[in-house]
Amino acid sequence: GICIRRSVKCPRPMQNNRMVLDAACGQQAAFYKSAANKFDLSRGIAMKKITDILDKIFHYLTALSFGLVSICVLVQVITRYTPGISAPWTDEMTRLFFMYTIMFGAPMAIKYSEYAVIDIVTNNMHGPFRHIINILDYVFICVVGVAGTKQAHIFWKTGLRTVSTSLRINMGIFYLVPVGIFALTSVYCVSGIIREILEMGKGEE
């Protein structure tokens, strides 16, 4: 019989080295990608915990301030129609607590988009373009907030030199409200920008 031998080509050493190098690079890339995903996840969870704590604090402070406004108004109405009883301080206290209610509620309006906005355009957008529009919106509000904080701080320093008429307290307590509104709004806008960037990186709409 006739025997036919088939020649088997053995891989060259350089091909073996290249295969090993490609496998090592693939494993390293997978490791870095997994580590990056874990880092983004942990960073997102940490930021969410911080914002959740701040949300609860502002919710409670807003409810407390508004409750004090209601009490002051009630006392003002009762004393107005009760002979021999006068409470002139209720007018200033009502304004003070109402101003602080607005200050504590402003960050919540930014987070939940409860401010005046025309969303007919963004509702029809999807993908990264919608996140970019939201980021630009936050950036504009943040710039206005930073500029407003600077001007409100000057206004607040002016109020430190005067006292209120009825309560006889420093007017800086009243003039602190615009500083808080602009500053807290800017902080929550920065948080919104980070949230939009993370969502855009994950491919969420």
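Here is a friendly conversation about a predicted model of a protein chain.

User: What makes up the fold of the protein chain, helices or strands?
Analyst: The protein chain has four helices and zero strands. Read from the N terminus on, the elements run α-α-α-α.

User: How much confidence does the predictor give the protein chain?
Analyst: The average pLDDT is 79, and 72% of the residues score at least 70. Residues 1-10 are the part to treat with care: pLDDT stays under 50 there, and the model has zero contacts for them beyond four places in sequence. Where pLDDT is low, the predicted coordinates should not be read in detail.

User: Why are H2 and H4 called roughly parallel?
Analyst: Helix H2 covers residues 89-111 and helix H4 covers residues 172-202. Their axes cross at roughly 10°, and angles under 35 degrees count as roughly parallel. H2 and H4 are therefore roughly parallel to each other.

User: How do you know that H2 and H4 meet, and which residues do so?
Analyst: The two axes come within 7 Å. On the H2 side, the residues that meet H4 include Leu 96, Met 99, Tyr 100 and Met 103. On the H4 side, the residues that meet H2 include Ile 173, Phe 174, Leu 176 and Val 177. By class, the contact of H2 with H4 has 17 nonpolar, two polar and three charged residues.

User: What makes up the largest nonpolar core, and which elements contribute to it?
Analyst: The largest nonpolar core has 17 residues. Tyr 100, Ile 110 and Cys 189 are those with the most contacts inside it. The elements that give two or more residues to this core are H2, helix H3 (128-159) and H4. H2 supplies the largest share, six residues. As background, nonpolar side chains in soluble globular proteins tend to be buried together.

User: Which residues is Tyr 100 in contact with, leaving aside its neighbours within four places in sequence?
Analyst: Tyr 100 is in contact with Ser 65, Ile 173, Leu 176 and Val 177.

User: Why is Thr 90 called buried?
Analyst: Thr 90 is found in helix H2. Its relative accessibility is 1%, and buried means under 20%, so Thr 90 counts as buried. Leaving aside its neighbours within four places in sequence, Thr 90 is in contact with Cys 72, Val 75 and Gln 76. Across the protein chain, buried residues make up 26% of the 205 residues.

User: Why is Leu 64 counted as it is, buried or exposed?
Analyst: Leu 64 lies in helix H1 (residues 13-80). Exposed means over 50%, and Leu 64 has 51% relative accessibility, so Leu 64 counts as exposed. The C-alpha atoms of Leu 64 and Phe 97 are separated by 9.0 Å, with their positions 33 residues apart along the chain.

User: What makes Ile 197 partly exposed?
Analyst: Ile 197 lies in helix H4. Its relative accessible area is 44%. Buried means under 20% and exposed means over 50%, with partly exposed in between, so Ile 197 is partly exposed. Ile 197 and Ile 132 are 65 residues apart in sequence, and 8.5 Å apart in space, C-alpha to C-alpha.

User: Where does Val 163 lie, and why is it called partly exposed?
Analyst: Val 163 lies in the loop between H3 and H4. With a relative accessible area of 45%, Val 163 is partly exposed, because that class sits between under 20% and over 50%. Leaving aside its neighbours within four places in sequence, Val 163 is in contact with Arg 168, Ile 169, Asn 170 and Met 171. Val 163 and Phe 174 are eleven residues apart in sequence and 9.9 Å apart in space, C-alpha to C-alpha.

User: Why is Arg 168 called exposed, and what is its phi?
Analyst: Arg 168 also lies in the loop between H3 and H4. Its relative accessibility is 57%, and exposed means over 50%, so Arg 168 counts as exposed. Phi of Arg 168 is near 60°, a positive value in a residue other than glycine.

User: What share of contacts in the protein chain join residues at least 24 apart?
Analyst: Among contacts between residues at least 6 apart in sequence, 74% join residues at least 24 apart.

Key:
Residues numbered from 1 in each chain as written. Predicted model: local features only at pLDDT ≥ 70, side-chain atom pairs only at ≥ 80, totals over all residues. Heavy atoms only, no water. Axes fitted to C-alpha atoms, helices over the stretch in contact; angles between N-to-C directions. Parallel < 35°, antiparallel > 145°, perpendicular 65-115°, else oblique. Contact = heavy atoms within 4.5 Å. Nonpolar A, V, L, I, M, F, W, Y, C, P; charged D, E, K, R; others polar. Core = buried A, V, L, I, M, F, W, Y, C linked by side-chain atoms within 4.5 Å. Buried < 20%, exposed > 50% of the residue type's maximum accessible area, 1.4 Å probe, protein only. pLDDT = per-residue confidence, 0-100.
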